[in-house]
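Hi everyone, thanks for coming. I'd like to walk you through one protein today, so please have a look at the screen.

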Amino acid sequence: MKNEVDPARPGMGFPDKDPALCRGDDKGEGTLGQATLPRSARLPINRCNLPAVVLGSLTYQRHPSPLLLDGVAELHRDLFRRLEAADAAARSEVFRDYLTVHFQLEWPEEMGYTGDRKGRARANYARMIRGWSFDADSREGAVLKGWVESRFGLLPRWHGEPLRDPAGDAWLRYMEMRAQGLYGTSALEAQLDLVYTYCQYELARRHPGRRHVTLYRGVNRVADHEILESGPGRRHIILLNNLNSFTCSRDRACEFGDYILAVDMPLTKIFFYCGLLAGVLQGEDEFLAIGGAVEVTLTTL
């Protein structure tokens, strides 16, 4: 069934009566077992209102609740007052202007940058997301995965190669790239806190009462993913990387693989989506979604 197009943002479909849209009131009929988030994929602490073992679980996928980053709403009350006073067409510019001024993004000298070091001031939230769109295993990708790790307690599972051993070479390379990406920036992770919070604000305003959106990912081998459990009807429980690219268009997903993973993703796990801020993430109807254990359906072209 083709998604109805949201008039507030062309290309982003949230079907109201589509059976693929979970409403969080299912009783678990026909679902797989209760595979849990492995201990090796999570931290014992994080910086939001739910522990990683909960927000990364199947139960959370089926019955999501808001994810609130520590202190963000309290520290940035003025931003949200301005957003409430602005009309829908102006809110994205209000948000951009606030981040530009609050983090001095256009005045690096005010933050103490001198000489060649000014170049690092341009490594802001927008460049991180653009860098991800070109290569999720880049330095920008390491920064975004590191931010998810820090804020939600979900450890990355892949960055150019599997990440399993915190003492191994692959993990050390990931940490080095993350540190290089954060070095000399203007509170970059705090910028990303506001990006996520603004994304959640917009989703709640544009789609009140909705809890999930059906997203798709094209793959060539489902075995490339960490399968926690398999069930009937080509359904699987898989462990996603802590940050992932999906699309809301099944046709677009077909361009990236012979098999299509379909997942009912909680809106609370959407970090960013194409069209939220003009010029930041373009094409492919792309969504950046926070990971964990999820139930997916595998289909072919």
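I'll start with the whole chain, then go to a pair of helices, and finish with two single residues.

One thing to keep in mind: what you see is a predicted model.

So, the overall picture. Along the chain there are 10 helices and six strands. The protein has 301 residues, and 51% of them are buried. Now think about which parts of the chain touch each other. If we take the contacts between residues at least 6 apart in sequence, 73% of them join residues at least 24 apart. As for the outside, the accessible surface is about 14200 Å², and carbon and sulfur atoms account for 52% of that.

Next, please find two helices for me: H5, which covers residues 91-102, and H9, which covers residues 188-206. How do these two helices run relative to each other, parallel or antiparallel? Their axes come within 12 Å and cross at roughly 165 degrees. An angle over 145 degrees counts as roughly antiparallel, and therefore that is what we call H5 and H9. The crossing is also right-handed.

Who meets whom there? On the H5 side we have Arg 91, Ser 92, Phe 95, Tyr 98 and Leu 99. On the H9 side, the partners are Gln 191, Leu 194, Val 195, Tyr 198, Tyr 201, Glu 202 and Arg 205. Sorted by type, the residues of this contact are seven nonpolar, two polar and three charged.

Now for our two single residues. Let's begin with Leu 37, which sits in the segment before helix H1, residues 52-55. Is Leu 37 buried or exposed? Its relative accessibility is 2%, and buried means under 20%, so Leu 37 counts as buried. Which residues surround Leu 37, leaving aside neighbours within four places in sequence? Leu 37 is in contact with Arg 42, Ala 52, Val 53, Gly 56, Leu 154, Leu 239, Gly 292 and Ala 293. Take Ala 293 from that list: it lies 256 residues away from Leu 37 along the chain, yet their C-alpha atoms are separated by 5.8 Å.

Our other residue is Ala 278, in the loop between strand E5 (270-273) and strand E6 (286-300). Here the relative accessibility is 63%, so Ala 278 counts as exposed. Its C-alpha atom is 8.2 Å from that of Ser 92, although the two residues are 186 apart along the chain. And you have met Ser 92 already, as one of the H5 residues that meet H9.

That's my tour, thanks for listening!

Notes: Residues numbered from 1 in each chain as written. Predicted model: local features only at pLDDT ≥ 70, side-chain atom pairs only at ≥ 80, totals over all residues. Heavy atoms only, no water. Helix = DSSP H or I, 4+ residues; strand = E, 2+ residues; numbered from the N terminus. Buried < 20%, exposed > 50% of the residue type's maximum accessible area, 1.4 Å probe, protein only. Contact = heavy atoms within 4.5 Å. Areas by Shrake-Rupley, 256 points an atom, 1.4 Å probe, with all protein chains shown as cover. Axes fitted to C-alpha atoms, helices over the stretch in contact; angles between N-to-C directions. Parallel < 35°, antiparallel > 145°, perpendicular 65-115°, else oblique. Left-handed = near helix turned anticlockwise from the far one by under 90°. Nonpolar A, V, L, I, M, F, W, Y, C, P; charged D, E, K, R; others polar.
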